[in-house]
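Got your viewer open? Let's take a walk through this structure, one selection at a time.

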Amino acid sequence: MDFNNIKKLLSTNHGEAISVLEDTEIILVPAEKWSEIAKDLKENKDLTFDYLSCITGYDNGAGKSIGVAYNFYSMAKKHSLEIRIEVDRENPEVPSVEKIWRTADWMEREVYDMYGVSFKDHWDLRRILLPSDWDGFPLRKDYKEPDYYNGMPVPKDKSYWE
Amino acid sequence: MTSVNNLFEFIKGIAPIEDTAIIWVIAVAIPALIVFLVMAVNALIAVYFERKVSAFMQDRLGPMEVGIFGFKGGRKFWGGIGQTLADAIKLLTKEDIIPADADRKVMIFAPFFIFLAPFLTFIALPLYENVIVSNFNIGILYILAVSSVGVIGVILAGWASNNKWSVYGAMRAAAQMISYEIPIALSLMLAIIVVGSLQINDIVQWQADNRWFILHSPFAFIAFFIYFVSVVAETNRTPFDIPEAESELVAGWMTEFSGFRWALFFLSEYANMLIVSVVATMVFLGGWLSPFEIVNMPGFDLPQPFLAFFTNSVTGPMWVLLKVSFLIFVMMWFRWTFPRLRVDQLMYLCWKVFIPFALANVVFVSIWELIF
Amino acid sequence: MGMNTEYLKELGIIKGDEMILNMGPQHPSTHGVLRLKIHTDGEIISYIEPHLGYLHRCFEKHCENLSYEQCIPYTDRCDYLAAMHMNHGFVMGVEKLMGIELPERVEYIRIIIAELQRIASHLMAVGTFGLDVGGITPFTWCFRDRERVLDLFEYLCGARLLYNYMWVGGVSHDLPKDFIKRTTEFLDYFETQIPEYNQILTGNKIFIERTADVGVIPADVALNYGLTGPNLRASGHSYDLRKEEPYSIYDRFDFDVVVGEGTHGTLGDCWDRYYVRILEMYESIKIIRQAMADIPNGDVHEAIPKKVKPLKGDIYTRYESARGELGFYIKSNGKNIPSRVKMRSPAFASLSALNEMAEGWMMSDVITILGSLDIVLGEIDR
């Protein structure tokens with residue numbers, strides 16, 4: 001199935017919730033609808049997106065929204081799809097899909113780790129790459145380097161690094 | 001108790017000492033020193049040999065820098081002959097670390113316990129008819145009994161380290177060593193049944209009169225292989241080195257030891273290899289008999305002077321050393337060829353394969369002895 | 001042992017006679033600085049919790065502060081055992097974003113190098129897997145032959161491990177004078193070596209006992225966990241990006257996708273994962289020979305842009321690296337610095353399935369399974 005057919009199928013199933021990002025082949029989905037759309041992506045016989053390739057968190061810039069991009073591929077049908085969810089910066093909340101694709105378990109943890117997106121109903125949402133006592137979400141565009149980490153001063157003069 | 005007595009008499013004859021107690025101490029201390037030296041030299045040579053063998057099998061050169069006694073380093077077999085000596089000196093001068101939470105007393109004590117087992121076993125090991133510290137009439141039984149003392153030391157070492165990995169190693173080692181003693185004992189039992197003596201001299205004498213014991217019957221042949229595989233397990237070498245499996249448990253019960261006390265472990269490991277190879281040589285491979293005496297059949301007799309030339313007090317120990325070196329080489333060959341078994345597979349091999357076969361061997365050899 | 005066992009039991013963290021064992025971060029068989037928190041009952045594993053991040057070097061954060069060209073050396077350091085694949089994957093993404101047409105010669109060179117790298121990486125995987133199950137000799141043999149590939153790379157670009165060889169729009173150096181000759185010599189030699197590995201490891205009874213039927217993962221579960229590359233193919237799923245979505249010029253070559261067959265046990269066990277890698281080396285040899293036969297002449301620096309400055313846009317590229325599907329999600333906002341680079345790490349997904357595979361097996365099997373997954377911590381932690 002090509003992108004237009006997938007879009008048409010999703011629109012008939014989920015109505016107004018689906019929208020397409022201009023000039024791209026990316027589908028935008030509201031966070032509230034995500035868990036049912038995800039289930040549909042996996043279980044619909046015409047879509048069967050059985051493989052979740054990647055979950056990417058991204059930041060649209062200070063003061064703007066935070067996004068999560070999902071890249072799917074269907075081994076059975078040989079088509080791919082990118083879905084994005086953009087959520088509010090202050091309270092980013094996206095339903096978890098780790099029960100549908102197990103691989104989302106760690107990938108969502110990583111997005112949480114770097115962007116602070118909290119995935120609802122995730123069984124074990126903890127930091128994964130950073131230490132558990134880390135402050136803030138370092139890949140956000142407005143992240144400020146802390147002055148102290150665990151009581152140790154963070155070197156500010158980095159000229160000798162070069 | 002022949003040799004120490006002889007030594008006692010000898011010293012009494014030449015030394016101007018009246019007190020017999022002092023002479024006794026000297027008479028015991030000299031063999032003890034010799035045994036210790038044998039163990040140390042054995043470890044030095046075996047480690048070097050092992051490195052060169054492994055290097056050969058792995059397309060490497062092995063140690064080739066450190067020379068000694070005028071031997072220069074280089075791409076030769078003796079290229080790094082001083083390497084083990086240098087390593088030994090390094091080990092002896094290393095800091096002796098005892099972890100803060102470890103059981104201090106037991107930790108200090110355990111390596112000596114492990115060392116004690118091969119040290120005591122050497123007493124009953126002959127190199128030739130009379131080249132022996134003490135010629136027990138219960139030789140084989142003594143060897144079996146004393147060599148299993150080491151297990152206690154292993155458990156103590158693992159427990160004292162206060163390290164979960166060490167305990168894993170110690171538990172595995174204890175289970176393995178105790179289990180594999182059974183097929184070893186049962187295999188040696190064959191020789192005892194046939195010869196009717198526990199003394200190693202008698203067993204070799206039987207082989208001189210008849211044939212090497214490995215050719216005694218098909219059962220003895222099987223028993224040799226059961227014995228040999230079991231002793232590889234008993235000495236914790238690959239493919240049965242699960243107690244110290246370096247890719248799983250780092251070094252098992254030895255993990256927390258360093259310096260001299262770790263060197264003792266090393267010394268005992270190689271000493272154990274030597275012991276089991278000597279026992280295999282004595283019991284199955286004709287001891288100090290030359291290969292010309294494999295079968296002593298009437299009608300095929302070789303001329304007596306010829307035999308005497310190849311089996312005497314000079315060549316006898318040489319044959320023993322040759323056979324022992326070959327067995328040790330085979331053990332090294334195993335180590336550098338095979339992957340490691342898992343702990344349950346190891347136990348399966350012992351309890352469900354070796355012990356039934358060994359038991360059947362004992363029964364069949366008894367019947368064989370009744371018939372022939 | 002374990003002074004606080006009672007306390008942990010009260011908290012409900014461990015059950016009954018369980019013990020918590022820390023494997024790593026300093027452990028010889030975790031293939032890097034990985035810490036596994038293992039709940040065991042004696043030797044039996046009841047739960048494994050991997051703790052990552054000991055090798056986290058902020059790759060993604062670095063990329064947001066460096067120009068595209070400067071990012072390439074950082075990709076090297078992610079998967080240091082298949083650095084060429086990392087280069088290639090990233091560069092491919094940027095080229096797609098900029099719409100660069102590559103000269104034929106560059107494509108051919110890249111494929112030869114990538115397949116040589118695959119051989120080197122699989123040799124490492126096979127060798128260390130042998131080491132994990134206790135055989136030391138196969139490890140040194142594999143290293144001996146990997147050394148030859150590294151020598152070729154050194155001859156090619158001067159570096160042995162971290163190359164920075166593939167540039168946006170080209171490669172840093174053209175093939176040296178008799179590189180093709182040397183590579184042919186290596187392949188001729190190497191083809192005779194693979195049967196030797198089979199002799200010492202593949203057919204060994206103890207090795208089969210240790211690996212067959214251990215750590216089985218069926219194809220659908222593997223897919224659900226996001227396993228790709230040799231790990232997924234060992235479960236019987238013939239998913240190979242080189243065939244599925246031929247990038248670069250892979251569609252011109254004739255090679256087979258190797259899938260596991262469950263020869264010595266269940267489909268998808270450790271033995272299959274190991275053997276798929278052995279067979280893939282043969283396929284790589286095939287591809288290299290074909291590519292070397294019809295490599296055209298040309299200038300490798302021809303298409304290198306003066307300034308790497310893609311237009312606004314995003315791209316997700318997928319690349320078949322030695323460990324599986326390597327993805328790069330690159331967001332550009334029209335500057336010469338990427339606004340976001342996300343690396344989809346194949347080993348990250350493989351490691352997440354560890355608990356699924358190892359549960360109920362023994363301590364030694366955890367190491368076997370971990371070794372069969374062929375993880376590289378540099379790529380997991382980034």
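Start by picking Ile355(B), which you'll find in helix H13 of chain B. Keep in mind as you look around that this is a predicted model. Is Ile355(B) buried or exposed? Its relative accessibility is 10%, so Ile355(B) counts as buried, the cut-off being under 20%. Now add Ser187(B) to the selection: along the chain it is 168 residues apart from Ile355(B), yet the two C-alpha atoms are separated by 9.4 Å.

Stay on helix H13 of chain B, which covers residues 343-371, and move along to Val363(B). Here the relative accessibility is 47%, so Val363(B) counts as partly exposed. Which residues join Val363(B) in a nonpolar patch on the surface? Select Phe364(B), Ile367(B), Leu370(B), Ile371(B) and Phe372(B) along with it. Together, the patch has about 680 Å² of accessible area.

Next, the largest pocket. Rolling a probe the size of a water molecule over the atoms shows where empty space is left. In this pocket, that space comes to about 1200 Å³. To find the centre, select Val47(B), Leu91(B), Trp262(B), Phe266(B) and Tyr270(B), the residues nearest to it among the 42 that line the pocket. Then colour three helices of chain B, each giving two or more residues to the lining: H2 (20-57), H3 (83-93) and H10 (259-283). Which one gives the most? That's H2(B), with 10 residues. Colour the lining by class and you get 24 nonpolar residues, 12 charged and 6 polar.

Time for some charged pairs. Side chains of opposite charge can pair when their charged atoms come close. How many salt bridges does the structure hold over all chains? There are 51, and we'll stop at a few of them.

Pick Arg126(A) and Glu49(C), whose side chains meet in a salt bridge at 3.1 Å, N to O. Arg126(A) sits in the loop between strands S7 (118-120) and S8 (148-149) of chain A, while Glu49(C) belongs to strand S3 (residues 44-51) of chain C, so this pair joins two chains. The two ends have their own surroundings: Arg126(A) is partly exposed at 30% relative accessibility, whereas Glu49(C) is buried, with a relative accessible area of 13%.

Now jump to Arg342(B) and Asp365(C), which form another salt bridge, 3.0 Å from N to O. This pair also crosses between chains: Arg342(B) is in the loop between helix H12 (315-335) and H13 of chain B, and Asp365(C) is in helix H15 (residues 363-373) of chain C. Check how covered each one is: Arg342(B) counts as buried at 7% relative accessibility, and Asp365(C) is buried with a relative accessible area of 0%.

Last stop, inside chain C. Select Arg233(C) and Glu280(C), a salt bridge whose closest N and O atoms are 2.5 Å apart. Where do the partners sit? Arg233(C) is in helix H10 (residues 230-233) and Glu280(C) in helix H12 (residues 270-293), 47 residues apart, so to speak a link between distant parts of the chain. Both residues are buried. Finally, widen your selection to Glu115(C), Arg118(C), Asp240(C), Arg242(C) and Glu320(C): salt bridges that share partners join these with Arg233(C) and Glu280(C) into one network.

Conventions:
Residues are numbered from 1 along each chain as its sequence is written. Chains are lettered from A and ligands numbered from 1 in the order in which they are written. This is a predicted model: local features need pLDDT of at least 70, side-chain atom pairs count only at pLDDT 80 or more; totals for chains, interfaces and linings use all residues. Side-chain values use heavy atoms; hydrogens and water are left out. On a 1 Å grid over the protein atoms alone, a cavity is a set of points where a 1.4 Å probe fits but cannot get out, and a pocket is an open set with protein on both sides within 12 Å along at least five of seven lines; lining residues have an atom within 4 Å of a point. Grid points are joined across faces, edges and corners, and a volume is the space filled by probe spheres set on the points. Helices (H or I, at least four residues) and strands (E, at least two) are DSSP runs, numbered from the N terminus. Ala, Val, Leu, Ile, Met, Phe, Trp, Tyr, Cys and Pro count as nonpolar, Asp, Glu, Lys and Arg as charged, and the others, Gly among them, as polar. Patches are made of residues with over 30% relative accessible area and no salt bridge: like charges are joined within 9 Å, nonpolar side chains (Val, Leu, Ile, Met, Phe, Trp, Tyr) within 5 Å. Accessible areas come from the Shrake-Rupley method with a 1.4 Å probe; for residues, only the protein chains shown count as cover. A salt bridge is a side-chain nitrogen of Lys or Arg within 4 Å of a carboxyl oxygen of Asp or Glu. Buried means under 20% relative accessible area, exposed over 50%, partly exposed in between (1.4 Å probe, protein chains only).
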